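Student: I should like to learn how to read the features of a structural model. Could we begin with contacts between charged side chains?

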Amino acid sequence: MTNLEIIEELKNTLRLVNPKINVDGITEKTLLKEDLGLDSLYMILMALAIEKKYNIKFNPETTPKSVEDICRFIIEKVDQK
């Protein structure tokens, strides 16, 4: 699984979580709050969707700040299985 594959899936997830988000320019460096405007509710919804999609669990103390953080976390967790 590559970062590009994860980013494409993340775009689909974000479209479901908040259809108003423009996902066209999302890259690894995209910041979740600053660039996408995700508030705490959208962050939770996104995390739940990712957990379901990849059958993984986010650590409650972990707060991803960027798309790259999410990619790294997913790859790490999927590789542990």
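Tutor: A salt bridge is a side-chain nitrogen of Lys or Arg within 4 Å of a carboxyl oxygen of Asp or Glu. Please keep in mind that the model before us is predicted. Lys53 forms such a bridge with Glu9, their closest N and O atoms being 3.6 Å apart. Lys53 belongs to helix H2 and Glu9 to helix H1, so the pair ties together parts that are 44 residues apart in sequence.

Student: How many salt bridges does the structure hold?

Tutor: The structure holds 4 salt bridges. One of them joins the side chains of Lys29 and Glu68, at 3.1 Å from N to O. Lys29 sits in the loop between H1 and H2, whereas Glu68 is in helix H3, so this pair ties together parts that are 39 residues apart in sequence. With 59% relative accessibility, Lys29 counts as exposed, while Glu68, at 24%, counts as partly exposed.

Student: Where do Arg72 and Asp69 lie?

Tutor: Both lie in helix H3, 3 residues apart, which is about one turn of the helix. Arg72 and Asp69 form a salt bridge whose closest N and O atoms are 2.8 Å apart. Arg72 is partly exposed, at a relative accessible area of 44%, and Asp69 is partly exposed as well, at 23%.

Student: How should one read the two sides of a helix, and which residues of H3 are buried?

Tutor: A residue is called buried when its relative accessible area is under 20%, and exposed when that area is over 50%. In H3, the buried residues are Val67, Ile70, Cys71, Phe73 and Ile74. They cover an arc of only 165° around the axis, and therefore fall on the same side of H3. Asp79 and Gln80 are exposed on the other side of H3.

Student: What do the buried residues of H3 pack against?

Tutor: They pack against helix H1, residues 3–17, and helix H2, residues 40–54. The picture can also be read from H1, where the buried residues are Ile6, Ile7, Leu10, Lys11, Thr13, Leu14 and Val17. The cover over these residues of H1 includes H2 and H3.

Student: Is Leu32, in the loop between H1 and H2, buried or exposed?

Tutor: Leu32 is buried, with a relative accessible area of 1%. To see what surrounds such a residue, one sets aside its sequence neighbours up to four places away; Leu32 then touches Gly37, Leu38, Met43, Met46, Pro64, Lys65, Ser66, Val67 and Ile70. Consider Ser66 among them: Leu32 and Ser66 are 34 residues apart in sequence, yet their C-alpha atoms are 5.3 Å apart in space. Ser66 is found in the loop between H2 and H3 and is buried, at 8%.

Student: What makes up the nonpolar surface patch?

Tutor: Leu41, Ile44, Leu45 and Leu48 make this patch, of about 370 Å². Leu41 lies in helix H2 and counts as exposed, with 52% relative accessibility.

Student: Finally, how does one read backbone angles, and what is phi of Asn55?

Tutor: Most residues other than glycine have a negative phi. Phi of Asn55 is near 55°, a positive value in a residue other than glycine. Asn55 lies in the loop between H2 and H3 and is exposed, with a relative accessible area of 62%.

Methods. Residues are numbered from 1 along each chain as its sequence is written. This is a predicted model: local features need pLDDT of at least 70, side-chain atom pairs count only at pLDDT 80 or more; totals for chains, interfaces and linings use all residues. Side-chain values use heavy atoms; hydrogens and water are left out. Buried means under 20% relative accessible area, exposed over 50%, partly exposed in between (1.4 Å probe, protein chains only). Helices (H or I, at least four residues) and strands (E, at least two) are DSSP runs, numbered from the N terminus. The arc is that of the directions from the helix axis to the C-beta atoms. Contact means heavy atoms within 4.5 Å. Patches are made of residues with over 30% relative accessible area and no salt bridge: like charges are joined within 9 Å, nonpolar side chains (Val, Leu, Ile, Met, Phe, Trp, Tyr) within 5 Å. Accessible areas come from the Shrake-Rupley method with a 1.4 Å probe; for residues, only the protein chains shown count as cover.
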